[in-house]
Amino acid sequence: MIAQKVPGASVAAGRRGILTSERKLLLAAGDTVLVAASLIIAFNLRSGPIQHAALTIPWAGVALVTGIWLAVALVVDAYDLHAAVSTRGIFRIVATTVALETIALLAVFFIVPYGVTRPTILIWVPVAGLLVLCWRLLYRRVFAQAIFAGRIMLVTDPETLDRVWAEVDQHLAGLYRVVGTIHPADVDAGSRLTAAATGRAADQIVLGAEEDLPTDLFQSLVDCYDLGLVVRSISDIYEELTGRLLVERLRQTWLLSLQQRGETSRVYAVFKRLVDIAAGFIGVVFLAVVLPFVWVAIKLEDRGPVFHRQERVGHFGRPFEIIKLRTMRVHPDQVLHWTAEGDERITRVGKVLRRLHLDELPQAWNILRGDMTVVGPRPEQLQYVEELRRSIPYYNTRLSVRPGLTGWAQVNFGYGSGVEGSTVKLSYDLYYIKHQSVALDLLIIARTLFAVATLKGR
């Protein structure tokens, strides 16, 4: 329950909460130190008594092991702060990261033949797993407590509190705690906010009011900023905690925050195109290898066409023809509707293709042609786009970037259909449009590859 009392100026100065970026760096630093230490221990237990009397540090092996660990950790979302405060989430993350790291090391151990030999790896696995697990549990026990949480003072009306903050509240565990709320229409709102800031009852002010603020309240917000407090909008903290944009509260500041087309980095554009060419070429080659087997399987099941061609809406609303391996039965008179979980139209071969994501392979040609890119919002069919444009505000904005084979919505939400599911996907797509970068693209690609490897298809 959100506290309603606002402490006065007599409250002693409180400890500043650990920021989310600082928490992720803390987790990553702890992981790096312990993973490196585990390899040093494993190396010396295996080779130290034979080769050296003193402690030996295999620097090349340490760099390789820690580098692979951090890469794998990003792929499996090991620095998700919500999972970091869940015992089940901690065990899942540590087990998955150690398992994937072990597979990677066994594949590349010959790069540093003495530093990371297979016996060394076999010793490293339990040592690293145990040390990192203990570190993660220690983080949960110590750094996820209220004393290290950011203290938030909410300046908002009851309606916003019920409609918006209820969703944010479930993401606060171990990160933030609300120390009070102030209604912007209250006559003493400004003085109460100033008193709370002076007494250091909070270290962040979260503004949820949409209308123009009274002059005295706005001055109090400026005073809070001058005193060193962080002043941010409720949309900003929603974006930070959920990885989505709060679509219903988008205003002109959101439009101004978008990367303007004339200012888009040419380096980033070149990077995306190089990735597209490389991925498209690999996809076409792989398609050529598997196509004969897929062709036989499809013809044996229902003798229908191998490829499915469909018009989709692309960049700036321009239509293009997407190519996929057919996964559904051919029914010319069937009424078009959203694909559902366990859709009866999907063939037996189609289920396998979808599970392995092989049905998407022909889109490599769309990527080479420039109709699509590797990372971007998934393209929808024209009739669905028209419906969603009428039903969802700002839906057209997702068409301002080229559609992608995978995207931020796919790795976070999946295949949501209908207006409700499309609204959620739009909130992720708009987040991507606002934050698109090389780092974010690489993260999406890595998580997509992980999803493919673990058969998380539909």
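Modeller: Quick ground rule before we start: helices (H or I, at least four residues) and strands (E, at least two) are DSSP runs, numbered from the N terminus. This is a predicted model, in which local features need pLDDT of at least 70 and side-chain atom pairs count only at pLDDT 80 or more, while totals for chains, interfaces and linings use all residues. Residues are numbered from 1 along each chain as its sequence is written, and side-chain values use heavy atoms, with hydrogens and water left out.

Colleague: How many helices and strands are there in the protein chain?

Modeller: Start with helix α11, which runs over residues 266-301 and holds V285. Counting over the protein chain, we get 17 helices and eight strands.

Colleague: What share of the protein chain do buried residues make up?

Modeller: Buried means under 20% relative accessible area, exposed over 50%, partly exposed in between (1.4 Å probe, protein chains only). The chain has 458 residues, and the buried share of them is 49%.

Colleague: Which residue forms a salt bridge with D31?

Modeller: A salt bridge here is a side-chain nitrogen of Lys or Arg within 4 Å of a carboxyl oxygen of Asp or Glu. For D31, the closest N and O atoms of the bridge are 2.8 Å apart, and the other partner is R136. D31 sits in helix α1 (residues 20-46) and R136 in helix α5 (residues 118-142), so the bridge ties together parts that are 105 residues apart in sequence. D31 is buried because its relative accessible area is 0%, and at 3% so is its partner, R136.

Colleague: Where do R151 and D203 lie?

Modeller: These two form a salt bridge, with their closest N and O atoms 3.6 Å apart. The pair ties together parts 52 residues apart in sequence, because R151 lies in strand β1 (residues 150-155) and D203 in the loop between α7 (189-198) and β3 (204-207).

Colleague: Is D302 buried or partly exposed?

Modeller: D302 meets R326 in a salt bridge, at 2.7 Å from N to O. R326 lies in the loop between β6 (319-325) and α12 (348-356) and D302 in the loop between α11 and β5 (307-313), so they link parts 24 residues apart in sequence. R326 is buried at 7%. With a relative accessible area of 32%, D302 counts as partly exposed.

Colleague: How many salt bridges does the count come to?

Modeller: Some of them join up: K324, D359, E360 and R378 are linked in a network. By this rule the count comes to 23.

Colleague: Which residues do ring pairs link into a cluster with W135?

Modeller: Rings of Phe, Tyr and Trp (its six-membered ring) pair if their centres lie within 6.5 Å, and planes under 30 degrees apart count as stacked, over 60 as edge-to-face and the rest as tilted. The structure holds seven such aromatic pairs. One of them is W135 with F143, edge-to-face at 6.4 Å centre to centre and 65 degrees between the planes. W135 is buried at 11%, and its cluster partners are Y139, F143 and F148.

Colleague: What is the area of the nonpolar surface patch made with V285?

Modeller: Patches are made of residues with over 30% relative accessible area and no salt bridge (like charges joined within 9 Å, nonpolar side chains, Val, Leu, Ile, Met, Phe, Trp, Tyr, within 5 Å). V285 is partly exposed because its relative accessibility is 41%. Together with F281, I282, F286 and V289, V285 makes a patch of about 500 Å².

Key
Areas by Shrake-Rupley, 256 points an atom, 1.4 Å probe, with all protein chains shown as cover.
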